[in-house]
Amino acid sequence: MFDKIKQCEKNVLNFVFNEEGNTLEKFRLDFLSKKGEMLLLFEYFKTLPVGDKKKYGEMLNELKNITLEKYNNKNNNKTPQKQIEKNTLFPTYQNTPGAIHPIRIVEEKVLSVFLSLGFDFAEAVEIEDDHHNFAALNFKEDHPARDMQDTFFIGTNLLRTHTSSVQIREMKKGVLPLRIIMPGRVYRNEDISARSNCFFHQLEGLYIDKNVTFSDLKQTLFYFVQQFFGEGIKVRFRASYFPFTEPSAEMDIWAGIDTEENKRLTKGTGWLEVLGCGMVHPNVLEACNIDSTIYNGFAFGMGLDRMTMLKYKISDIRDLFINDIRLLSQFTGV
Ligand code: PHE
């Protein structure tokens, strides 16, 4: 392996310039051109196992310096050979920094706002059972969400369809009052499109105490969006329905319709739904052995992918999951 470099070095050193055969041009052709000896050695470098590259690379650089020096001395220091210069960048030693995924950046930022408000952090399993994902959350036996079309079943278990299952696990621990945020990945058997994927990320929030009101919920979320998007962000609450909250609402954020991306993202309305929320249903509290005549609370579940799309103006959710380096590399050093 190293013999070839040594041999080439000998040939370079022994080359005596003369006007007959050994011209400067012949030297260039023999050693520095596309067909020259040195480029073959550079090609060979690429095929080496990582362990051998360091030593081989050093020797090759040394040879390159000797050759260029000899060539440039004879050539009165004219521009060095471009072709060779290009090959002095060894790809294995390039040090490109990695990037934090935009969803992770958004998750960290959301967490930091709620942690600063005194919320604790909790996580739980992604493979759930019917009880934690549905029954304890007041889904009736025949609720359509349990249907094969929405839920991925694994035997008698299932992939959680929302992070609300973590609420149940936390409430069952029996420590009150409770103030927690619970991020995680969730799964739904849906067609993949620009706006929905079969897995995505949610962040659940839960506050259980005495005398919690709907205004507490609204004010908490309102404070959050101001911190996250900046003051002046426009939001609206729409009445909605979830089996586990009563009353229930959804919160939309104003993205606008000034750009093509925003039009596509908001289906032309300017509004993007980012979370569901409401006052925890008494049946849910009772299923977790919490006395609903003493305690109440609010819950919300936020779509982190949606928030990411809104924050970074990404109009196709699939772009968040294909790991295209052209997108990810824009997030280095964030
Ligand atoms: N789990 C609901 C969903 O996935 C969101 C939600 C969470 C709604 C908590 C109300 C309260 O759509």
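This tour proceeds through a predicted model, from the ligand to its surroundings, then to the cysteines and one helix.

**The ligand and its shell**

Begin by selecting the ligand. The space that the ligand takes is the largest pocket. Next, display the residues around the ligand: there are 14 of them, and the closest are His 162, Ser 164, Arg 188, Gln 202 and Gly 301.

**Polar side chains at the ligand**

Among these closest residues, select three side chains in turn. For His 162, look for a polar side-chain atom 3.0 Å from a nitrogen atom of the ligand. For Arg 188, an N or O atom of the side chain is 2.9 Å from an oxygen atom of the ligand. For Gln 202, the polar side-chain atom to find is 2.9 Å from an oxygen atom of the ligand. Taken on its own, the ligand has 320 Å² of accessible area, and the protein covers 90% of that area.

**The elements behind the shell**

Which helices and strands each supply at least two residues of the shell around the ligand? Colour helix α8 (164-171) together with strands β6 (199-209), β9 (271-280) and β10 (296-303), for these are the elements in question. Gln 202, within β6 (199-209), has already been visited as a polar partner of a ligand oxygen atom. Strand β10 then deserves a separate selection: with three residues, β10 gives the largest share of the shell.

**The cysteines**

Strand β9 (271-280) also spans the position of the next stop, Cys 277. Select Cys 277 and Cys 288 together. How many disulfides does a search of the whole structure find? The search finds zero. The sulfur of Cys 277 has its closest cysteine sulfur in Cys 288, 19 Å away, and this is too far for a bond. The same distance appears when one starts from Cys 288, whose closest cysteine sulfur is that of Cys 277, at 19 Å. A disulfide requires the two sulfur atoms to lie within 2.5 Å.

Are these two cysteines buried or exposed? Cys 277 counts as buried because its relative accessibility is 1%. Cys 288, at 3% relative accessibility, counts as buried too.

**Helix α6**

For the last stop, select residues 102-116, which form helix α6, and locate Ile 103 within this helix. Ile 103 has 6% relative accessibility and therefore counts as buried. Finally, add Asp 130 to the selection and draw a line between the two C-alpha atoms: Ile 103 and Asp 130 are 27 residues apart along the chain, and their C-alpha atoms are separated by 28 Å.

Notes. Residues are numbered from 1 along each chain as its sequence is written. This is a predicted model: local features need pLDDT of at least 70, side-chain atom pairs count only at pLDDT 80 or more; totals for chains, interfaces and linings use all residues. Side-chain values use heavy atoms; hydrogens and water are left out. Buried means under 20% relative accessible area, exposed over 50%, partly exposed in between (1.4 Å probe, protein chains only). A residue is near a molecule or strand if one of its heavy atoms lies within 4 Å of it. A polar contact is a pair of N or O atoms within 3.5 Å; within protein, one must be able to donate a hydrogen and the other to accept it, and residues adjacent in sequence count only if both atoms are side-chain atoms. Accessible areas come from the Shrake-Rupley method with a 1.4 Å probe; for residues, only the protein chains shown count as cover. On a 1 Å grid over the protein atoms alone, a cavity is a set of points where a 1.4 Å probe fits but cannot get out, and a pocket is an open set with protein on both sides within 12 Å along at least five of seven lines; lining residues have an atom within 4 Å of a point. A molecule sits in a cavity or pocket if more than half of its atoms lie within 2 Å of its grid points. Helices (H or I, at least four residues) and strands (E, at least two) are DSSP runs, numbered from the N terminus.
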